[in-house]
Amino acid sequence: MSMTRQAEPAVTPPPAPGPKETDGRTARRTPARRLLARPEVGVFLGVVVVLVFFLIAAPPMRDSSSMANILYQSSTIGIMALPVALLMIGGEVDLSAGVAVVTSALTASMLAYQLSMNVWVGVIAALAVSLAVGMFNGWFLMKTGLPSFLVTLGTFLILQGINLAVTKTVTGNVATDDISDMDGFAQAQALFASSFELGGVQVKITIVWWLVFAALAAWVLLRTKYGNWIFAVGGNKESARAVGVPVNLTKISLYMLVGFGAWFVGMHQLFSFNTVQSGEGVGQELIYIAAAVIGGCLMTGGYGSAIGPVFGAFMFGMVQQGIVYAGWNPDWFKAFLGVMLLGAVLINLWVQRTATRR
Amino acid sequence: MDRSSHHRPRRIVPFVAVAAAAALTLAGCSSGSGGKKSEDGADASSTGKASTPRMTVALVTHQAPGDTFWDIVRKGAEAAAAKDNVKLIYSADPNAGNQANLVQNAIDQKVDGIAITLAKPDALKSVIGKATKAGIPVVGINSGLSDWKDLGLLEFFGQDESVAGEAFGKKLNEVGAKNTVCVIHEQGNVGLTQRCDGLKKTFEGKTQILNVNGVDMPSVKSTITAKLKQDSAIDYVATLGAPFAPTAVQSVGDAGSKAKVATFDLNKDLTKAIQAGDIEFAVDQQPYLQGYLAIDGLWLYENNGNYSGGGEQPVLTGPAFVDKSNVDAVSEYAAKGTR
């Protein structure tokens, strides 16, 4: 405990305003400024602005089922954006996260189908594969000391190739076979891809999982020793190591956490759509990173939150679907998304500067 | 004593994992329905093999990785190659410059024939000239209906995307559609845009374009749902690739819409959906035929001096419609991944 407290100066600024902040650094700040210093405030303001904007511009968005649809899309991004954000707070990135989702889904589907096993065998094997990919990323990174950009770019290409080649070799096609009539499918679908009715609206289960994972991540980050380690290794790896933070363990476990997220989203895709195409997932890694950055995580590490990426993913879903609800020319979609991204980052920057100015 | 108890928890983890996996395998975790076991082993028909001298043919396409359509083209080419005693070299790159390099690579290997897709004809013009100069016959497949003769190609097998789109639009008129949305799963893809443009040309109702993120199925689903909510008058969703049609069906359900779904291209899940009545029809340009005929055409030219299409006209492989009336005849082949 004393060790992690020593590591804290490396973290700028501290992740949460503690109960008694009278150490001189924060004494002169007003409560409003302390609130603004939280990483998720910028994105929260951005979300409010964009939400109001679309509620005016796109009448179908006022319908509650539209909001369920937006939240569904946000949740499939958000479940991955959470571990990706924790990893970024820990000072690393993962470019293989997008194709890793597809790797997981392909593993589960092909294993169960080819061996004619209960689909749960495939689901568990896929979890092992996903965690192994994460472990490899982290281990290779720590072993070689190479930048995570390079290491995970390598994994990204390897997985992309494996996804295609193995699927083609095993199934004879580039997509997997339909597993919806196999034993265990209904149970797995209930867990990963079902929906329930709430106030007359069909709500997808991924939304619930997303919020549960977010709450869990927020608790870990702010209330546990492991959370402190994440901030410490992202702030300054060497000084964290010097005060006894297990840097290797922390970083490898963060990559494995991304592996877990990839597994979960992969299972959702498999049990929602019955088959998987091996070429999917490419480019999604950047969307996860974008959601984390919009959510207030710094590319340099050591700063961010678990709630921010929730809003970041929601912003993404809202903009993507809002343009459609508004009935605008879809050719402009990506450009609009890019403007939103830059706008959100600017708001974050402005809020941070305002908050930390004395 | 102290040490062994310290080590125990570490060793037990992999042991438990292996034991659990073994237990799952042995303790009757096999699926009672579906799976590989239930798939009939009726494999490709055993064809005779030509006794002509071995020749080498390169097939160079603009396939993006993991696309089911091109996989079927390749299977057709492989079937013809096996029958004709041809060694097939397959390569692909969606980038036109890279595709030109692959053609150059084939020329350097002194192949006996080249089959090529002309998604971006201008970029391939000079390298096709080099092949012709080296005395290598070149045939076109799939895309490039309007350019193959100008580029000096021997033959052409395929359909134009615009023609397929126009046929799709006419079919929509027949089934009484009034308001359709054309779902583009890859923004900026020329062929997909041509399909929607063709559809727009012949369809008498209202046509809207919708871009979706094709590499992320949940996002495809949400976006189509959003579009159906935005315009509740939409009565037909047209997807441009087979894997997106079942997703569109889910979107229709989510949006509480009454729209019907039809699609370009075919695969085995789609034939089942057409049989079940979830999807109305699919327009198929028979990619297997394109790959097969290209290799066979080169073989015929080499061994008998034949020109398919007389060297004047393209050989059309589509559009062929698959709907409830003829799906049963097709589904067997789609199950094998050849239609």
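## A friendly note on chains A and B

1. Let's start with one residue of chain B. Leaving aside residues up to four places away in sequence, Glu312(B) touches Trp148(B) and Lys149(B). Please keep in mind as you read that this is a predicted model. Where does Glu312(B) sit? Glu312(B) is in the loop between helix H11 (287-304) and strand S11 (315-316) of chain B. With Lys149(B), the touch is also a polar contact, made side chain to side chain at 3.0 Å. You can also compare sequence and space here: Phe156(B) is 156 residues from Glu312(B) along the sequence, while their C-alpha atoms are 9.2 Å apart.

2. Next, look at how the two chains meet. How many residues does each chain bring to the contact? Chain A brings 48 residues, and chain B brings 48 residues. The size of an interface is often given as the accessible area lost when the parts come together. For chain B and chain A, the buried area is about 4,000 Å², and carbon and sulfur atoms give 50% of it.

3. Now for the pairs across that interface. Side chains of opposite charge can pair when their charged atoms come close. Between chain B and chain A there are four salt bridges. In a salt bridge between Asp177(A) and Lys268(B), the N to O distance is 2.3 Å. The interface also has 17 residue pairs in polar contact, counting pairs with both residues at pLDDT 80 or more.

4. Which elements of chain B supply at least two residues each to the side that touches chain A? They are helices H1 (2-26), H2 (35-38), H3 (68-83), H8 (217-230), H9 (244-255) and H10 (268-276), together with strand S7 (206-211). H8(B) gives the most, with eleven residues. Sorted by class, this side of chain B has 21 polar, 16 charged and eleven nonpolar residues.

5. Salt bridges are worth following through the whole model, where the total over all chains is 17. One of them joins Glu92(A) and Lys251(A), with the closest N and O atoms 2.4 Å apart. This pair links distant parts of the chain, as its members are 159 residues apart. Glu92(A) is in the loop between helix H4 (64-89) and helix H5 (97-114), whereas Lys251(A) is in helix H12 (residues 247-273).

6. Turn to the surface of chain A for a nonpolar patch. Which residues make this patch of about 720 Å²? The answer is Phe136(A), Trp139(A), Phe140(A), Leu146(A), Phe149(A), Leu150(A), Leu153(A) and Leu157(A). Helix H6 (119-144) and helix H7 (148-171) of chain A each supply at least two of the patch residues. H7(A) gives the most, with four, while Phe140(A) lies in helix H6.

7. Finally, here are two backbone details in chain B. Most residues other than glycine have a negative phi, and most peptide bonds are trans. Asn142(B), although not a glycine, has a positive phi of about 65°, and this residue lies in strand S4 (residues 138-142). What form does the peptide bond from Gly318(B) to Pro319(B) take? That bond is cis, with omega near 0°. To find the spot in the structure, look for Pro319(B) in the loop between S11 and strand S12 (320-323) of chain B.

Methods. Residues numbered from 1 in each chain as written. Chains lettered and ligands numbered in written order. Predicted model: local features only at pLDDT ≥ 70, side-chain atom pairs only at ≥ 80, totals over all residues. Heavy atoms only, no water. Contact = heavy atoms within 4.5 Å. Buried area = accessible area lost by both parts, 1.4 Å probe. Salt bridge = Lys/Arg side-chain N within 4 Å of Asp/Glu carboxyl O. Polar contact = N/O pair within 3.5 Å; in protein donor to acceptor, adjacent residues only side chain to side chain. Nonpolar A, V, L, I, M, F, W, Y, C, P; charged D, E, K, R; others polar. Patch = residues over 30% accessible without salt bridge, like charges linked within 9 Å, V, L, I, M, F, W, Y side chains within 5 Å. Areas by Shrake-Rupley, 256 points an atom, 1.4 Å probe, with all protein chains shown as cover.
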